[in-house]
Structure formats: structure tokens, C-alpha cells
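Please work through the exercises below with the sequence and the model at hand. Each task is followed by a solution in steps.

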Amino acid sequence: MVDRNELEQRIPVITAIARAEEGCWANPGLTAAKPALEKLPLSRADVDDAEDRLLRFAPFFRRMFPETEDWGGLIESPLTPIPAMRDWLNRELQAGITGRLLLKRDSDLAVAGSVKARGGIYEVLKHSEELALAAGLLREGDDYTKVCSTEFHSFFAQHAIHVGSTGNLGLSIGIMSAALGYRVYVHMSADARQWKKDLLREKGVTVMEYAADYSRAVAEGRKLAEQDPSAYFVDDENSVTLFLGYAVAARRLKAQLAEQGIPVDAEHPLFVYIPCGVGGAPGGIGFGLRQEFGDDVFVFFVEPTQAPCMLLGLATGLQEKICVQDVGLSGKTAADGLAVGRPSGFAGRTVRELAAGEFTVRDEALYPYLRALRDTEGLFIEPSACAAFQGPAKIAGMRDFLRENGLTEKMGNAVHIAWATGGRLVPQTERDRYYNIM
Ligand SMILES: *Cc1c(COP(=O)(O)O)cnc(C)c1O
């Protein structure tokens, strides 16, 4: 059991977190990228392996999901400058952003319309490849378009996949697994939106609903999967595979920045702001970013004020041993993708020396961001994804952090990227409703 009084005395920031105040936190554990990465059990070779696997499946994607054709069969998203949104942040919120602001539009990713299309789909592919190789259906060097065949479909139909989700991971795993032929079970927490459950059922996915939160939905899924020898459980709280699927994003981002002629180096620091739930997506992407850009990148996570589980895990060092309810928070938030009360211990231990810090955001602040992005840039992203804008809005206020890291004089050259983590599949009626929430 967590002793809240003892924690508040030892780690003063806990008091503000427990009051659900918006804030920023500089990670005192941030370490130079090289030694921090060398300590980890995961390396570049692991990300290479994930990248290679995604390339092997590219011909399959072009055939199965023609929407991936423009990306050569990769599930990838545009990196878009959003100067009008930057002006809005500066004008309306006195953000004081002097560098560039770009949007990484994972909100538009093919197949699942969220960042989960990276990790989630990658994990389904890896599992499928292993099954097919073991069964002798697939051989090294094969053209993977054959995975679209009825033979493979019947083969995968003998296997089940389970996953626990607040919504988007379920969409990604569900859509992908059902397309391959699996029997799929998505265990949805109470936070999941109705339209996401409806969409999955349309695709033939079995959706199990729980009145409880995300941790419970995961536990139930894990339990059921254990009882079925043909079942595979996608473990969002501990999966190295998911994490590596997310990590591939960083090298692709590096290529996009180079294509657009945007320098990132010691004089042109890169700031990346990623909405965080259990920590896998921002952790994996952040891990990849430190590998690619070393000490020139600063990775910030953003969480709702009522569900700052990763912040609690990192600030206390307790990782998955602490949950937001331990400090009196509800874990409830309109940012459904971020409605997680207990962080991934695996993600937390991996990023504790890599993450620059955290921002927390109130639910009410998400809708002005959502409206502003549509009004200024004509782009829609879902409320959870809007959390990313809390970073550029507040970074200039982190004066001590900027000074201590020698960044104050360089902010005019800085590149800020808000990671838009979801949106494409949100129905128009929901989009309009979000737009009108005041
Ligand atoms: C899942 C999700 C995140 C965060 O990913 P985690 O791996 O849970 O930290 C952020 N934004 C959206 C829209 C999501 O669905």
C-alpha cells in the first residue's frame, strides 16, 4: 500500500498532482542519451528487426489495404507544419513559441486511425508470421502477398487473439486480426466510446464490455486468453513487441524532417510532445527518438490531470506499484485514450532516463485545442490527441529546465512536434459534438 503522506513529504510535486492541478514536471532522472540507452536490454538491432518485418509485410498491405499504396505499403503519416495553429497558441494562450510547430499526424494512419496502428498492428503481424513459419505455411524470402489468401485466412481462423483496451488499441488489434481471419476478443473498459464498439462488431470482432477501468479489462482479457491454448494475448502493460512497433516511428520521422529540410542538431533542438496512457506508445516513440537524435531531442509526455499515471510512476520511482487512485484521483477523463490509472512498469523503467518530462492537462483545455486546430488548419484530431498541444502551450514556462539544459538561447531555432495520436475513424456526428463542447 502506498503511504500518501510519506510520498508528499519526500516528493513535493505529488501534492500538486493529487490536487489535479495542471503542471509541468522536468524529469530529474533525464540522462545523456548514449549511457542511458546502453543500460537498456533493448537496442538498435531490435528496432531494425521491427522495421524489417514491417517491410516484409509491405506487399501484403498494398494488396489488403490499398489505402497504404501511397506509402509503399507502410502504415505511415504526414508531418505537417501548422504555423496558423502556432499563431493561435501565441495569440490566445501567450505560449511564446518562437520556433517551428509541426503536427505528426498519426491521427490519419491507415487501417486504425490512431497511433495504435503502429504498435498494435505490428504485434499482430509478428505473431502471425511466427505461427505461419512454424506451420510451414510461410518460408523465409516468400512474397507476403500470400498472407491474403483463403488458405492463410482458414489457418488464422483456428487461432484467437485477446486484447484489453480503452478503445483505440482494440480498434487496431481488432480490425487487423479480423482481416487476417482470427477469432478476436476485445475487452473494453467503461471509458470506450460506443461507436468504437459498434465498428468492431461490424468487423466480426467479439467485444466484451466491463463496467470497470482499463486495468480490469486487461486482467479479464489475460485470464480468458490463458484458458484457451489457441489464444494469444496482446499485453499492453508489458509488451516489448508493441513497444518496438512504436519505436520504428522515430527513424521514419527523421527521414521526413530531412526531406523537409528541417535541421535537428545541437543548435536546433527538437521537442516532441506525446499523449500518454499506459505509456507504451509514447515510451516506444520516445525510446526511438533518443536513439535517432540523441541529446538533441527532448521527449515530453502529456497526461490528463485526473489520470497522470506515468507521471506518478516516474516521479515516485514506484512505476506500476502506484496508481492514480492512491493519491485520491479518479482516473476518469474525457480523453478516453488516456484513461489509464496504473502505468506500464516496463515502459516506465525503459524511459525513466530518456523522458525529458511531463505536462498535465485539464479535460476542459482539450476542446479549445480541438476547435483551434480545425479553425486554423482545417484538421481534426480526437480529444485525447489534443493533449499534445499542452506541450507547445507551456514549454516556454519551463524556464529552469530550459536554462539548465542550455536551451534558452536556442528556442528561436527549436522544432516542436505535437504528436496527434488519433482521429481519422471518429464519425462526423462525434466530431461535430466535440467541436461544440464549450
Ligand atoms: C492509446 C493512446 C495514447 C497513448 O498510448 P499508450 O500506449 O496507452 O500510452 C494516446 N493517444 C491516443 C488517442 C490513444 O489511443
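The exercises that follow concern salt bridges, one helix and the pairing of strands.

This is a predicted model, in which local features need pLDDT of at least 70, side-chain atom pairs count only at pLDDT 80 or more, and totals for chains, interfaces and linings use all residues. Residues are numbered from 1 along each chain as its sequence is written, and side-chain values use heavy atoms, with hydrogens and water left out.

**Exercise 1. Determine how Lys34 is paired with Glu38, and where the two residues lie.**

Step 1. A salt bridge requires a side-chain nitrogen of Lys or Arg within 4 Å of a carboxyl oxygen of Asp or Glu. The closest N and O atoms of Lys34 and Glu38 are 3.3 Å apart, and the two residues form such a bridge.

Step 2. Both residues belong to helix H3 (residues 33-38), where a spacing of four residues separates them by about one helical turn. Helices (H or I, at least four residues) and strands (E, at least two) are DSSP runs, numbered from the N terminus. An α-helix has 3.6 residues a turn, so residues three or four places apart point the same way.

Step 3. Relative accessible area is classed as buried under 20%, exposed over 50% and partly exposed in between (1.4 Å probe, protein chains only). Lys34 is exposed at 59%, and Glu38 is exposed at 57%.

**Exercise 2. Classify the salt bridges Glu67–Arg424 and Lys104–Glu76 by position and burial.**

Step 1. The N to O distance is 3.2 Å for Glu67 and Arg424. This pair links distant parts of the chain, 357 residues apart: Glu67 lies in the loop between helix H5 (58-64) and strand S2 (79-81), and Arg424 in the loop between strand S11 (415-420) and helix H20 (428-435). Glu67 is partly exposed, at 40%, as is Arg424, at 31%.

Step 2. For Lys104 and Glu76 the N to O distance is 2.8 Å. Lys104 in strand S3 (residues 100-105) and Glu76 in the loop between H5 and S2 are 28 residues apart. Lys104 is buried, at 0%, and Glu76 is buried, at 5%.

Step 3. Shared partners join Arg44, Asp48, Glu51, Arg251, Lys254 and Glu292 into one network of salt bridges. The search of the whole structure finds 40 salt bridges.

**Exercise 3. Compare the span of helix H9 with the expected value, and assess its burial.**

Step 1. H9 (residues 168-180) has 13 residues, and its expected span is 18 Å, taken as 1.5 Å times one less than the number of residues. From first C-alpha to last, H9 reaches 18 Å, close to that expectation.

Step 2. Of the 13 residues in H9, 12 are buried, among them Asn168, Ile173, Met176 and Leu180.

Step 3. Just after H9, Gly181 adopts a positive phi of about 120°.

**Exercise 4. Describe the burial of strand S9 and its pairing with S8 and S10.**

Step 1. Eight of the eight residues of S9 (residues 297-304) are buried. Val297, Val299, Phe301 and Glu303 point one way, while Phe298, Phe300, Val302 and Pro304 point the other way. In a regular strand the side chains alternate between the two faces of the sheet.

Step 2. Pairing requires at least two DSSP bridges between two strands. S8 (residues 270-275) pairs with S9 in the parallel sense over six bridges, and Tyr273 has Phe300 as its bridge partner in S9.

Step 3. From S8 the chain passes through helix H13 (residues 280-293) to S9 in a right-handed β-α-β crossover (clockwise from the first strand over the helix to the second, with the strands pointing away from the viewer).

Step 4. S9 and S10 (residues 357-361) run parallel and are joined by five bridges; Glu358 in S10 is the bridge partner of Phe301.
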